[in-house]
Amino acid sequence: MRPMPRTPFTPTAAALAAALLAAVPAGAQTLVQLYQTAHGYDAPYQSARANAQASQARADQARAGLLPQVGLQLGAQRNWADTNVGGMGGSVSFNALNGSVVGSQPLFRPANRITWDQGKKSAELAQVQLQGTEQDLIVRLSQAYFDVLAAEESLAFVRALKASVAEQLASAQRNFDVGNATITDSREAQARFDLATAQEIATENDLRVKRLALDQLVGQAGVNPRPLAQPIVLPRPNPQDVEAWVNLAMDQHPAVVQSRMALELARMETAKAKTGHLPTIDLQASVGQNRYPDGNPAFTAAPGSRYRSTTAGVGVVLNWPLFAGFAVENRVRETLSLEDKAQADLDNARRNVAQATRTAYYGVQSGHGQVAALEAAEQSSLTALQANQLGYQVGVRINIDVLNAQSQLYQTRRDLARARYDVLVGLLRLKQASGTLSADDLTPIEQLLASSDAPRTTGAAGEGVKLGSPAGPVAPASAPASSPLSAGKPQGQRSKDEAMAPKPRADRR
């Protein structure tokens with residue numbers, strides 16, 4: 001008995017279109033727009049900015065040690081006096097009012113000068129810390145942004161895989177119903193369909209979590225990141241020399257700059273500790289007045305009459321510490337040890353930054369290589385899937401071969417999308433490692449995003465994410481020229497593939 005040919009299968013176009021070709025919402029935000037929003041909301045950045053403002057205020061406080069100090073003193077007293085001289089005396093009471101203005105101007109206080117210099121350096125250090133926090137915000141936002149896009153593409157891919165497996169399951173069931181296949185094909189397809197369903201649930205949850213992370217970062221609900229335009233040409237590091245990036249990092253990385261400033265502050269602290277042996281010189285001036293409304297008992301010329309006296313003075317005060325119980329010597333020893341610690345911290349920061357910069361650079365280079373390899377693997381996987389589907393139709397391949405080929409293509413396309421995003425984030429991390437990252441570096445990435453009226457596509461080179469081919473699973477060899485099998489191929493190549501396709505064997509059972 002001549003066996004019946006296997007029933008061909010085609011994708012469910014409506015299901016794929018509904019899952020994969022949703023247009024970019026009109027309210028989709030770009031990376032720069034979300035950065036501007038996060039810039040005014042992110043708590044770590046707001047904390048660093050407040051710390052920078054506080055550091056500047058502390059620097060202004062330290063300057064006060066070099067400026068004049070003026071104070072006003074006022075007092076009112078009620079006095080009682082009881083006198084007894086040679087058995088004669090009496091009791092009197094009187095009021096006393098006094099007021100004075102006292103001022104001083106440091107003439108020689110080296111410790112105060114060093115304290116002011118330390119305050120200015122600390123303010124600069126806080127600004128560098130703010131710059132580092134801003135760079136970290138750029139990277140965190142970009143990572144969250146592309147995590148959402150990658151999760152969206154993963155969900156689109158797994159839904160496309162599920163749709164293709166569903167078609168394969170339906171085909172296997174039809175072939176079993178007509179007696180052209182065993183129940184094994186249906187059970188294999190059903191198992192793969194159940195696995196795709198589980199993957200879809202996990203991917204949906206992952207996308208939900210990634211969106212929540214992005215929403216929390218920018219302080220908005222329902223953030224819609226705009227996808228990358230297709231086709232995309234990924235930028236490369238400029239300059240393409242790892243040592244040039246390392247040299248930049250040694251000069252500009254916030255961690256190195258902070259450690260360098262910390263060493264300078266430690267040296268200033270040592271110099272300030274050594275001033276403990278030096279004298280201080282201040283210019284002091286005062287003017288005051290004392291009043292006795294009821295008379296001054298000590299002034300006997302006109303007892304009971306009002307009394308007023310005014311005094312004024314100006315002078316220079318020298319204070320020279322001679323011995324302080326070895327406090328100054330021990331303080332100098334302490335600051336010298338802290339200076340050595342700051343030097344070791346600077347050396348460690350330089351080594352870590354150099355290592356991180358090289359790692360980031362080679363990561364970007366490796367990412368470009370992975371993207372190129374995965375693009376080639378995508379084409380190979382697509383060709384393998386087409387061959388397996390065609391072989392299944394003519395009877396030289398079994399159902400599990402097609403299912404494996406579908407899964408391989410899904411995995412490859414998902415890895416390719418993830419690799420592209422990793423390259424873009426890696427470029428930002430490289431600039432962060434070198435200390436040159438700024439908000440302006442988001443502009444070139446902004447130019448890679450799709451416009452607001454462009455369709456949301458997730459396949460390679462702008463193609464929809466469908467597993468059989470750029471347009472869906474492969475149709476049988478007898479399909480018309482516009483079928484998914486022939487999509488994207490030259491007419492001559494399609495004819496050659498169809499001519500080389502194996503013919504059904506009449507004796508296959």
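Q: Is R414 buried, partly exposed or exposed in this predicted model?
A: Buried residues have under 20% relative accessible area and exposed ones over 50%. R414 has a relative accessible area of 27%. Because that value lies in between, R414 counts as partly exposed.

Q: Which residue meets R414 in a salt bridge?
A: Side chains of opposite charge can pair when their charged atoms come close. Here the N to O distance is 3.9 Å, and a salt bridge needs the two atoms within 4 Å. The partner has a relative accessible area of 30%, so this residue is partly exposed too. The partner of R414 is D415.

Q: In which helix do R418 and D422 both lie?
A: These two residues form a salt bridge, with their closest N and O atoms 3.3 Å apart. They sit four residues apart, about one turn of the helix. That helix covers residues 399-434 and is α9.

Q: How many residues apart are R159 and E200?
A: Let's look at a pair that links distant parts of the chain. R159 forms a salt bridge with E200, their closest N and O atoms being 3.2 Å apart. R159 belongs to helix α4 and E200 to helix α5, and they are separated along the chain by 41 residues.

Q: Is V316 buried or exposed?
A: V316 is found in strand β4 and helps make a nonpolar surface patch of about 540 Å², along with residues including L107 and F108. Its relative accessibility is 55%. Since the cut-off is over 50%, V316 counts as exposed.

How values were computed
Residues numbered from 1 in each chain as written. Predicted model: local features only at pLDDT ≥ 70, side-chain atom pairs only at ≥ 80, totals over all residues. Heavy atoms only, no water. Patch = residues over 30% accessible without salt bridge, like charges linked within 9 Å, V, L, I, M, F, W, Y side chains within 5 Å. Areas by Shrake-Rupley, 256 points an atom, 1.4 Å probe, with all protein chains shown as cover. Salt bridge = Lys/Arg side-chain N within 4 Å of Asp/Glu carboxyl O. Helix = DSSP H or I, 4+ residues; strand = E, 2+ residues; numbered from the N terminus. Buried < 20%, exposed > 50% of the residue type's maximum accessible area, 1.4 Å probe, protein only.
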